[in-house]
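Trainee: Please take a close look at the cysteines here. I would like their pairing and their setting in the chain.

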Amino acid sequence: MLMIDGPREQGMRCQMIERLQADGIANAAVLCAMSKVPRHFFIDSALINFAYKSNPFPIGSSQTISNPYTVAFQSHLIDLKPGMKVLEIGTGSGYQTAVLLELGATVFTIERQRELYEKASRLLPQMGYTPNFVFGDGYDGVPSEAPFDRILVTAGATQIPQQLLLQLAVGGIMVIPVGNATEQRMIRIVRKSKTEFSREDFGKCAFVPFLKGTVND
Ligand code: SAH
């Protein structure tokens, strides 16, 4: 694939960053990370004009790349510091994965749809991003790599999976949309001790559903 990130694309990206700031995103590390990731590489090249708009966008297999504001907001809430070990659930296009890597994290990312997993596993390394890709069911997490300093769920769950809470380090943070199929609340959980978890609600959001099992075609 021919990947061009010229003045036109960079200009659109600058405008996206300005819109995020106007919409209240003030986290400099997040804005800086998002200004570095060529978002249009994650979207079909015929649709490049849509890459930097404020909408989620189809990426195949009935899934979407989250809209820029959602990526910025989740990246802010997760409060990532360089060197932290992060588990991302829902690789999708791989865009959020790239942002986490730009924030200096070691990233494990899980996807349940084979086609998306394969696409992201090819694209990200071509761009110089090397997370650890896992094909599997995010409900299981990655027990062999736990504990994680941060867990970011990018699909809407009906409840908070116990398995994932147990894979969070003490002092660790999980951000997860929780609700029904059409609307969720953005929830941030902090593991206060081995047995105590705090929970904060950051308002309405809408993600594709967090589904059980894997899809191989
Ligand atoms: N972070 C992605 C958002 C993709 S949408 C991006 O920036 O593009 C959410 C993704 O979660 C979809 O790709 C969907 O297939 C995936 N997903 C849903 N349930 C899952 C599960 N149980 N395990 C892993 N991935 C899951």
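Mentor: The cysteines come before the chain around them. This is a predicted model, where local features need pLDDT of at least 70, side-chain atom pairs count only at pLDDT 80 or more, and totals for chains, interfaces and linings use all residues. Residues are numbered from 1 along each chain as its sequence is written, and side-chain values use heavy atoms, with hydrogens and water left out.

A disulfide is a covalent bond between the sulfur atoms of two cysteines. Here the term means a pair of cysteine sulfur atoms within 2.5 Å. The count by this rule is zero disulfides. Why is the sulfur of cysteine 14 without a bond? The closest cysteine sulfur, in cysteine 32, is 12 Å away, which is too far. Cysteine 32 is likewise in no disulfide, its nearest cysteine sulfur being that of cysteine 14.

Now exposure. Buried means under 20% relative accessible area, exposed over 50%, and partly exposed in between (1.4 Å probe, protein chains only). Cysteine 14 has 47% relative accessibility, so it counts as partly exposed. Cysteine 32, at 36%, also counts as partly exposed.

Next, the chain as a whole. Of its 217 residues, 52% are buried. It holds six helices and nine strands, taken as DSSP runs (helices H or I, at least four residues; strands E, at least two) numbered from the N terminus. Contact means heavy atoms within 4.5 Å. Of the contacts between residues at least 6 apart in sequence, 54% join residues at least 24 apart. Along the principal axes, the C-alpha atoms fill a box of roughly 50 × 40 × 35 Å.
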